[in-house]
Every structure is written in C-alpha cells, then in structure tokens.
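Please read the following walk through a protein model with its sequence and coordinates open beside the text. The discussion follows charged side chains and their partners.

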Amino acid sequence: TATNTSNDDAIAQWKAVRPITGVLPPGELGNLIAKEISNELLLMIGRLPVNLQNLSAGTDIDGTINISGVTSSMRIQNVQPGAIARVRYKRFNESLVLEPWLELAILTLIKDGERFEAHLVTRGVKQGMPPAHRRFVLLGDTNEKRIETAKIVLSCVEGMHTAASNEAIPYFERASHELNAGTEKKAGGKLDKDLEYSAAAAYAFGERDADSIFGEEANDTDYQYL
C-alpha cells in the first residue's frame with residue numbers, strides 16, 4: 001500500500017520515534033544514518049496499513065503485570081488504536097519477531113485481554129528484496145483466551161531470559177554462536193554477516209576486519225551505548 005506521507009514527514013516521524021525505540025544510535029551518528037536511509041525508510045513505512053503509517057500518532061500505555069510471581073510496572077510505547085507498529089532498519093531475521101510478540105503479550109495483559117495486533121517492518125532479507133512485513137495477533141476469540149495466550153508468550157520469554165542469564169548474551173549473534181561452539185575460525189565470516197544485517201553496526205565499524213574488532217577493548221562510552 002502506498003503512503004501519502006512525504007519523505008520529509010516520514011523522516012521527521014522516524015526521528016521522533018527513534019529515541020523511544022532504540023532503533024538507531026543516539027546523536028549525530030543516528031542523524032547521519034537517518035539521512036542516508038530516507039528513501040528505503042519511506043518504502044518500509046508504506047508496507048504498514050494506512051492507519052498505522054503515522055509513526056508518531058500513538059500513546060504510551062502503562063500498567064502492571066505479574067512476572068515470575070513478582071508484580072512489575074510496564075510501559076508499552078507508541079500504541080495506536082488497536083495496534084502497535086514497529087519499524088526496524090535491519091535485515092529481517094527470525095529473532096526480530098520476539099520484541100513485537102512480547103510487547104503484544106504485555107499490552108494484552110495490561111488491557112485485560114483486549115484485542116490488539118502488532119506489525120513489524122524490516123529491511124528485506126537480502127539486498128534488492130522488498131521490505132519484510134509481519135503481522136501478529138494473539139490466539140483467542142475472547143479476552144480470557146487472549147490472556148491465556150499472552151501468559152504462554154510471557155512464560156517462553158522468561159525461559160529464554162533464564163537461559164541467557166547463564167551465559168554471555170550475543171551482541172553479534174552469528175559470530176557469538178561460532179565462538180560459543182568453539183569454531184573460532186568461522187567467527188570472522190559470521191561477524192561480517194552480523195554487520196551486514198545491522199545497518200547501525202556496519203556504519204559504526206565501517207570496513208574494519210574481524211580481527212581488529214575482536215582485539216578492541218571496550219571503553220566507558222561503549223558500555224553506555226550497550
């Protein structure tokens with residue numbers, strides 16, 4: 001579906017949403033990337049339903065949910081009527097679907113089973129492919145059934161969190177997988193793939209080779225970004 005939003009308006013919306021989504025780096029680096037991706041971004045926004053294409057039209061929803069027996073205060077940002085829309089300037093991979101699934105589950109629990117849907121738009125899987133669009137709806141025809149489904153999603157994420165807490169979380173997931181498996185010789189090639197799939201990382205690291213990145217020690221600024 002084509003969007004009537006102008007290129008300038010689309011980028012302005014993106015910049016307004018960026019600080020609360022964490023999609024791009026903060027500051028001047030983020031501004032430079034946003035300038036370079038403007039045309040591709042407009043195509044990505046155009047994959048959303050027309051009523052969701054104004055990225056800055058939503059409101060924040062606050063509430064409490066029970067996680068592992070503990071009541072926690074949560075906030076789902078930029079919720080539009082009946083839906084949340086997330087635009088990620090990364091090449092599509094299955095790990096990206098976790099965030100909208102989790103947000104949808106939390107939002108459903110906060111709103112006592114009210115029906116919402118989530119939309120995720122990313123860059124195409126490969127260069128030259130159109131943007132990828134995924135739509136998520138929790139199973140259930142009633143509030144009670146949707147709450148049950150939301151709790152299942154939450155329990156799955158809790159299990160993943162527990163597993164991740166027992167070892168290093170992969171910032172570069174493909175390279176980290178090879179390092180964890182002990183196949184360090186393959187890690188360099190996988191790091192190249194990680195950089196390709198993360199536009200922000202590729203912009204930050206440029207043409208540097210894997211050995212120089214692996215040998216670099218983190219400084220205070222790096223930890224702040226992480």
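Is Arg 123 buried or exposed? In this predicted model, Arg 123 is buried, with a relative accessible area of 10%, a value that falls under the 20% limit for that class.

The partner of Arg 123 gives this residue its context. The side chains of Arg 123 and Glu 40 meet in a salt bridge, with a nitrogen-to-oxygen distance of 3.0 Å. Because Glu 40 lies in helix H3, which covers residues 38-45, while Arg 123 belongs to strand E4, which covers residues 117-123, the pair ties together parts that are 83 residues apart in sequence. Glu 40 itself counts as partly exposed, at 25% relative accessibility, so that a partly exposed acid is paired with a buried base.

The structure holds six salt bridges, and another of them joins Asp 62 to Arg 75, where the closest N and O atoms are 2.6 Å apart. This pair links distant parts of the chain, since Asp 62 sits in strand E1 (residues 59-67) and Arg 75 in strand E2 (residues 70-80), with their positions 13 residues apart in the numbering. With a relative accessibility of 45%, Asp 62 counts as partly exposed.

A further salt bridge is formed by Arg 115 and Glu 117, whose closest N and O atoms are 3.7 Å apart, a distance that still lies within the 4 Å cut-off. Here the acid is the buried member, Glu 117 having a relative accessibility of 15%, whereas Arg 115 is partly exposed, with a relative accessible area of 41%. The pair does not stand alone, for salt bridges that share partners join Arg 115, Glu 117 and Arg 135 into one network.

The last residue to visit is Arg 91, which lies in strand E3, a run that covers residues 83-91. Arg 91 is buried, with a relative accessible area of 4%, and its side chain takes part in polar contacts. One of these reaches the backbone oxygen of Gly 124 at 3.1 Å, and another, of 2.5 Å, joins the side chain of Arg 91 to the side chain of Gln 127. The buried side chain of Arg 91 thus has both a backbone partner in Gly 124 and a side-chain partner in Gln 127.

Methods
Residues numbered from 1 in each chain as written. Predicted model: local features only at pLDDT ≥ 70, side-chain atom pairs only at ≥ 80, totals over all residues. Heavy atoms only, no water. Helix = DSSP H or I, 4+ residues; strand = E, 2+ residues; numbered from the N terminus. Buried < 20%, exposed > 50% of the residue type's maximum accessible area, 1.4 Å probe, protein only. Polar contact = N/O pair within 3.5 Å; in protein donor to acceptor, adjacent residues only side chain to side chain.
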